[in-house]
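The following exercises concern confidence, aromatic pairing and the surroundings of a single residue. Please attempt each task before reading its solution.

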Amino acid sequence: MPQLTVERVQKFSGRAWRLVKFGDPKEAIELREMTWGAPSPGQVLIRVRTAGAGFPDVMMAAGQFPLLGDPPFGLGEEAAGEIVAVPPGSRFAVGEQVMGITEFLEGWGGYAEYAYVREGSAIRIPAAMTDEQAGGFPIGFRTAYAGLVERAPVEAGQTLLVLGAAGSSGSTALQLGKALGATVIAVAGSQEKLEFCTSHGADHVVNYRTDDLTARIAEITDGRGVDLIYDPVGGETAATALKSIARNGRIALIGLASGTPVPLDSMDMLLRNYTAVGVLATPGSPEAEATIWGRLAELAEQGAITTPVGKVYEFQDVPQMIAEQTAPGAGKSVVRVASK
Ligand SMILES: NC(=O)c1ccc[n+]([C@@H]2O[C@H](COP(=O)([O-])OP(=O)(O)OC[C@H]3O[C@@H](n4cnc5c(N)ncnc54)[C@H](OP(=O)(O)O)[C@@H]3O)[C@@H](O)[C@H]2O)c1
């Protein structure tokens, strides 16, 4: 008679913030009891300590995030914590401390007590990094890498203009741009944000609300214009910045925190010889991803890039945190889910 084998599947239970309908985050996001089963190949399961926020949370809650369907689903694109389960053959082990991109596109976010993290994006947390820095590291820096290395490579000595430079995407591009040897002009909307950009390495800062952006860029670049614009904002500010792009310049299209993408005029692109480059930080081959995350971890270990932590929220305040991403202060908002 064949012998029956009973496989014990380990399960983890805890609370998770879930979007239950599109709308105001304070009404549309609810705390639910959930169960996490064994991670599939290509994932690890972590007990979450911190998770990073950003403008995509606002878009998801409003039903404006192009890569997600209808609720219910979990929110939180990135998280850090301790591995509690791995699939057979994983390069990680239970007990390791990692940060990475969650399986939010599959409905499992990081604003939860447990989260599935894409193994290809997981990196061991460098010793000198705080939990808050780890939880807010992956998305901003992976996007900056996609923009400034993969899609619109910036060379040492070139001038990089960063819009929304005190935000999650902008402040990481500012730092990676400096690490790559560019001269960085940071554009932001308040004195506090300009000071924040200077403290993170910006060579020049411009307040687009009070200064004449075109005149200031002309002054800074001796009339030459900028080689690359990193644009997570779009709308009028990006349209104005585009007037100051150098010959053979590029604009890296990252997002639209202003609510609208930058308006592009193909005739203007032709006449002034510039290029618009779309950037979506999606994973390449496992080998390519390993190289990218290894390089980012190395830069973090060297102190060349560091998560620009802004406001830190408690787990019970996640809906409030997401609501506040429409007018964020300087730096990356991070939620503390649990202590070590
Ligand atoms: N392509 C990708 O792979 C990728 C990855 C991550 C994010 N994104 C996209 O990038 C965009 C920015 O995301 P993020 O997380 O960096 O945002 P964020 O941290 O909120 O920063 C956005 C910045 O944009 C400025 N801003 C101007 N108008 C705004 C408005 N109406 N509402 C909010 N902010 C406004 C703000 O700076 P001032 O106060 O200085 O104006 C703010 O600091 C989003 O569209 C997101 O979906 C794309």
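Rings of Phe, Tyr and Trp (its six-membered ring) pair if their centres lie within 6.5 Å. The model examined here is predicted.

**Exercise 1. Determine which residues of the model should not be read in detail.**

Step 1. The chain averages a pLDDT of 95, and 97% of the residues score at least 70.

Step 2. Over residues 1-7, however, pLDDT stays under 50. The model has zero contacts beyond four places in sequence for these residues.

Step 3. Where pLDDT is low, the predicted coordinates should not be read in detail. The stretch to treat in this way is residues 1-7, with pLDDT under 50.

**Exercise 2. Classify the aromatic pair of tryptophan 36 and tyrosine 114, and state which parts of the chain the pair ties together.**

Step 1. A search of the whole structure yields seven aromatic pairs. In the pair of tryptophan 36 and tyrosine 114, the centres are 5.4 Å apart and the planes meet at 50°.

Step 2. Planes under 30 degrees apart count as stacked and those over 60 as edge-to-face, with the rest tilted; the pair of tryptophan 36 and tyrosine 114 is therefore tilted.

Step 3. Tryptophan 36 belongs to strand S2 (residues 29-36) and tyrosine 114 to strand S7 (residues 114-118), so the pair ties together parts that are 78 residues apart in sequence.

Step 4. Both tryptophan 36 and tyrosine 114 are buried. They also belong to one aromatic cluster, formed by Phe12, Trp36, Trp108, Tyr114 and Tyr116.

**Exercise 3. Carry out the corresponding analysis for phenylalanine 65 and phenylalanine 104.**

Step 1. These two residues form an edge-to-face pair, at 6.4 Å centre to centre and with 70° between the planes.

Step 2. Phenylalanine 65 is in the loop between helix H2 (55-62) and strand S4 (73-74), while phenylalanine 104 is in the loop between strand S6 (97-101) and S7. The pair thus links distant parts of the chain, 39 residues apart.

Step 3. Buried means under 20% relative accessible area. Phenylalanine 65, with 13%, is therefore buried, and so is phenylalanine 104, with 5%.

**Exercise 4. Describe the surroundings of glutamine 43.**

Step 1. Glutamine 43 lies in strand S3 (residues 43-52). Its relative accessibility is 12%, so glutamine 43 counts as buried.

Step 2. The side chain of glutamine 43 reaches the backbone nitrogen of serine 40 at 2.9 Å and makes a polar contact with the side chain of glutamate 103 at 3.1 Å.

Step 3. Beyond its neighbours within four places in sequence, glutamine 43 is in contact with Pro87, Glu103, Tyr116, Val117 and Glu119. One of these residues, Tyr116, is also a member of the aromatic cluster.

Conventions. Residues are numbered from 1 along each chain as its sequence is written. This is a predicted model: local features need pLDDT of at least 70, side-chain atom pairs count only at pLDDT 80 or more; totals for chains, interfaces and linings use all residues. Side-chain values use heavy atoms; hydrogens and water are left out. pLDDT is the predictor's confidence in each residue, from 0 to 100. Contact means heavy atoms within 4.5 Å. Helices (H or I, at least four residues) and strands (E, at least two) are DSSP runs, numbered from the N terminus. Buried means under 20% relative accessible area, exposed over 50%, partly exposed in between (1.4 Å probe, protein chains only). A polar contact is a pair of N or O atoms within 3.5 Å; within protein, one must be able to donate a hydrogen and the other to accept it, and residues adjacent in sequence count only if both atoms are side-chain atoms.
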